[in-house]
Amino acid sequence: MIRRMMPTHNCEVLRKKFRGCLLGSLLGDCLGAPFEGDFISAGEKIVIKNYFDKLETPDFKGPIKQYTDDTAMTRCVAKALIDKPEPDFTLMAKLFVKEYFLEPKRGYGQNVITVFKKLKQSRFQDIFKPASEQFNGSGSLGNGGAMRIAPLALYFFDKDDLLVDAATKATKITHTHPLGVNGALLQCMAIQQCFMTKHGDKIDVHKFVEELLHKMKPFEYEEDEDFEEILEKPYREKLLLIQNLLHRTYENDELYDEVLETLGNNISALESVPTAIYCFLKACAETPEMKDIFRNAVEYAITLGGDTDTIASMTGAIAGAYVGEEHLNKNVIENCEKHKETIEMADNLLAARQEETAEMKNS
Ligand code: R7I
Ligand code: MG
Ligand code: MG
């Protein structure tokens with residue numbers, strides 16, 4: 001039985017972690033976007049390292065790094081919670097659709113656009129129906145649910161049941177495939193665990209994975225003892241692979257290839273959420289100084305290539321919830337689109353959460 005320590009974060013720490021998580025998600029998206037779909041060669045890894053070094057140089061100002069659909073949708077989730085502290089998923093669906101038609105060229109997934117169009121045409125009558133019709137009725141298994149889930153993980157950080165329910169519904173507006181939903185749940189739990197870690201404490205990476213394995217159990221098929229049926233536990237299998245990878249002492253090139261082969265780097269939730277978790281844990285295991293963990297995690301995520309904006313964004317949300325705003329580079333933040341609005345949004349989300357808690361106590 002894994003017992004979770006409740007954090008006794010003071011207001012200052014809460015604010016740092018809310019900001020760290022949402023800024024982390026924004027930075028990963030903005031920095032990863034230029035490399036989306038790329039295969040990263042050894043030479044390009046150096047280019048990415050130099051790119052980070054340059055952005056971290058005090059007063060360096062390049063063209064503002066633009067965010068993509070990952071951030072556009074994350075902002076909608078946060079806005080829905082800020083406007084209606086009792087989660088309103090119809091409002092969330094309306095915000096997704098409004099945002100998409102306002103700025104359709106943010107690199108949305110090919111198929112999710114059909115969902116937006118159907119939602120609009122049906123006037124949001126049944127907000128889960130269009131998504132359930134995707135891919136001949138099996139629903140999308142893309143990472144679009146997981147990539148935008150961070151605000152919910154923050155908002156319900158100490159309310160497990162509400163978090164699971166809300167994250168499931170928020171995901172099912174566009175992704176009803178169990179792999180799409182469970183990917184979002186796993187991402188939520190990774191953020192939540194980072195959030196719950198006492199500020200400044202080191203993470204035990206193996207315990208971190210153990211805890212995720214334990215929490216994912218109710219959402220994946222169980223062994224049928226009578227019939228010895230094949231277990232279907234894809235996310236837990238990925239978590240076991242992460243445990244193995246964290247024990248590896250290979251040279252980096254070999255390890256890199258193994259990460260790509262076993263965890264993956266593509267647009268499906270199964271081959272991107274565990275990868276993001278690994279990027280974070282690898283950085284934790286290998287980085288002595290707290291101040292370097294965020295950069296090392298996000299830089300590594302981008303060097304994996306493939307769905308770089310999304311994997312870096314999910315890595316950034318996890319790492320940012322752990323280290324807090326103070327360990328994200330100020331100059332990098334200032335080079336990203338809507339960074340000020342993101343800080344404001346994090347503060348408003350925290351305020352909404354605190355108001356909701358106060359109301360619950362008074363009722
Ligand atoms: O999941 P989704 O929102 O896409 C997110 C990705 C991120 O990388 C963003 O940065 C952006 O680039 O897109 O959008 P969907 O359209 O639901 O899914 C994305 C893609 O995954 C689809 O276009 C399909 O190619 C693939 N896909 C599937 N393919 C086969 N069978 C998703 N579900 C399935 C499936 O069930
Ligand atoms: Mg994107
Ligand atoms: Mg992407």
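Here is a short conversation about the metal ions and ligand 1 in a predicted model.

Tutor: Local features here need pLDDT of at least 70 and side-chain atom pairs pLDDT 80 or more, while totals for chains, interfaces and linings use all residues. Residues are numbered from 1 along each chain as written, chains are lettered from A and ligands numbered from 1 in the order written, and side-chain values use heavy atoms, without hydrogens and water.

Student: Which residues coordinate the magnesium ion (ligand 3)?

Tutor: Donors are N, O and S atoms within 2.8 Å of the metal (3.2 Å for Na, K and Ca), and since water is not among the atoms, sites may look incomplete. For the magnesium ion (ligand 3), the coordinating distances run from 2.0 to 2.4 Å. The residues are Glu36 (OE), Asp307 (OD), Asp309 (OD) and Thr310 (OG1).

Student: What is the arrangement of the six donor atoms around the magnesium ion (ligand 3)?

Tutor: Six donors count as octahedral if opposite donors are over 155 degrees apart and all others between 65 and 115. The angles around the magnesium ion (ligand 3) span 79 to 176°, so the arrangement is octahedral.

Student: Is Thr310 buried or exposed?

Tutor: Buried means under 20% relative accessible area, exposed over 50%, and partly exposed in between (1.4 Å probe, protein chains only). Glu36 has 36% relative accessibility and therefore counts as partly exposed. Thr310 has 3%, so Thr310 counts as buried.

Student: Which residue coordinates both the magnesium ion (ligand 2) and the magnesium ion (ligand 3)?

Tutor: The magnesium ion (ligand 2) is coordinated at 2.1 to 2.3 Å by Thr68 (OG1), Asp69 (OD), Asp70 (OD) and Asp309 (OD). Along the chain these donors follow the spacing T-D-D-x238-D. The two ions lie 3.6 Å apart, and the residue that bridges them is Asp309.

Student: How many angstroms separate an oxygen atom of ligand 1 from an N or O atom in the side chain of Thr310?

Tutor: A polar contact is a pair of N or O atoms within 3.5 Å; within protein, one must be able to donate a hydrogen and the other to accept it, and residues adjacent in sequence count only if both atoms are side-chain atoms. Ligand 1 also has an oxygen atom 3.0 Å from a polar backbone atom of Val112. For the side chain of Thr310, the distance is 2.9 Å.

Student: What share of the area of ligand 1 does the protein bury?

Tutor: Accessible areas come from the Shrake-Rupley method with a 1.4 Å probe; for residues, only the protein chains shown count as cover. Taken alone, ligand 1 exposes 700 Å², and the share buried by the protein is 81%.

Methods. Four donors count as tetrahedral if all angles lie between 85 and 135 degrees; four count as square planar and six as octahedral if opposite donors are over 155 degrees apart and all others between 65 and 115; anything else is irregular.
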